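User: I've got a structure here and I'd like to talk it through. Can you take my questions one by one?

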Amino acid sequence: MAGSMNKVIIIGRVGQDPKVSYTSSGQAVANFSVATDEGYRDRQTGQKVERTEWHRVVAWRQQAEFVNNYIGKGRLVLVEGKLQTRKWQGQDGQDRYTTEIVADNIQGLDRNPEGQQPGQQQGGYQQQGGYQQNNNYQQARPQNGNYRQQNNQPPQPEEEDLGPAFPSEASGMDDVPF
């Protein structure tokens, strides 16, 4: 089908720390959720109504490594990618579906609240060229002093707590400029 395009660009806050795992062939994969919100005035009551939309995001290889090293709960991120719907069989034998953003580009848009990490730029950061692949995939990497669980199983869709209802609650910041 000529002339079609599957392109998504969102800016929002990460709901929980990303879950990073590795495939049996050693490819990194990161799964996380991003909240976008919008507000409007109810015509009948005149009250402001906030609406939050949660987006599942999956990043592969170098983007997943970037997410593992620099992206955490509450961070403001820009995600570019495409929508993809996957189908699988649940434990009860029923077909299940999920739609997610397969990320091509992920950029952090805010400063690291705990201080800069090596390789970050002030005021924003993104994955840079010159990535060196580490073949020791079994080793857990520290993230803000905590170790994330990592395994060699491909990611399985699961129901998860997506975090606070509004992105501004995820970061503890009430002065978000949007």
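What follows is a run of short questions and answers about this chain.

User: Before anything else, what sort of model is this, and what is its mean pLDDT?
Analyst: It's a predicted model, where local features need pLDDT of at least 70, side-chain atom pairs count only at pLDDT 80 or more, and totals for chains, interfaces and linings use all residues. Residues are numbered from 1 along each chain as its sequence is written, and side-chain values use heavy atoms, with hydrogens and water left out. pLDDT is the predictor's confidence in each residue, from 0 to 100. Here 62% of the residues reach 70 or more, and the chain's mean pLDDT is 75.

User: Over which residues does pLDDT stay under 50?
Analyst: Where pLDDT is low, the predicted coordinates should not be read in detail. The model does have 73 contacts beyond four places in sequence for this stretch, a contact being heavy atoms within 4.5 Å. The stretch with pLDDT under 50 is residues 116-154.

User: In what order do the helices and strands run from the N terminus?
Analyst: Helices (H or I, at least four residues) and strands (E, at least two) are DSSP runs, numbered from the N terminus. The chain has 2 helices and 9 strands. Their order is β-β-β-β-α-β-β-β-β-β-α.

User: What share of the chain's 178 residues is buried?
Analyst: Buried means under 20% relative accessible area, exposed over 50%, and partly exposed in between (1.4 Å probe, protein chains only). The accessible surface comes to about 11,300 Å², with 43% of it belonging to carbon and sulfur atoms; areas come from the Shrake-Rupley method with a 1.4 Å probe, and for residues only the protein chains shown count as cover. Of the 178 residues, the buried share is 36%.

User: Is helix α1 largely enclosed or left open, and how many of its residues are buried?
Analyst: Helix α1 covers residues 61-70. Its buried residues are Q63, A64, E65, F66, V67, N68 and Y70. So the helix is largely enclosed by the rest of the structure, the buried count being 7 of the 10 residues.

User: Which residues have the most contacts inside the largest nonpolar core?
Analyst: A nonpolar core is a set of buried Ala, Val, Leu, Ile, Met, Phe, Trp, Tyr and Cys residues joined through side-chain atoms within 4.5 Å. The largest one has 21 residues, and the elements that give two or more residues to it are β1, β2 (19-22), β3, β4, α1, β5 and β6. V79, for instance, touches V8, I9, I10, V34, V57, I101, A103 and N105, leaving aside its neighbours within four places in sequence. The residues with the most contacts inside the core are F32, V34, V57, V67, V79 and I106.

User: Where is D110, and which residues share its salt-bridge network?
Analyst: D110 sits in the loop between β6 (95-108) and β7 (125-126), and at 15% relative accessible area D110 counts as buried. A salt bridge is a side-chain nitrogen of Lys or Arg within 4 Å of a carboxyl oxygen of Asp or Glu, and D110 makes one with R13 (3.4 Å, N to O), linking strand β1 (residues 8-14) to that loop across 97 residues. D110's side chain also makes a polar contact of 3.2 Å with the side chain of R75. The residues linked with D110 in the network are R13 and R75.

User: What separates the closest N and O atoms of R86 and E100?
Analyst: R86 lies in strand β5 (residues 76-89) and E100 in strand β6, so the pair ties together parts that are 14 residues apart in sequence. R86 is partly exposed at 26% relative accessible area, whereas E100 is buried at 6%. Their closest N and O atoms are separated by 2.6 Å.

User: Which residue's side chain does the side chain of T85 join in a polar contact of 2.9 Å?
Analyst: T85 is in strand β5, and leaving aside neighbours within four places in sequence, T85 is in contact with Y97, T98 and T99. A polar contact is a pair of N or O atoms within 3.5 Å; within protein, one must be able to donate a hydrogen and the other to accept it, and residues adjacent in sequence count only if both atoms are side-chain atoms. The partner at 2.9 Å is T99.
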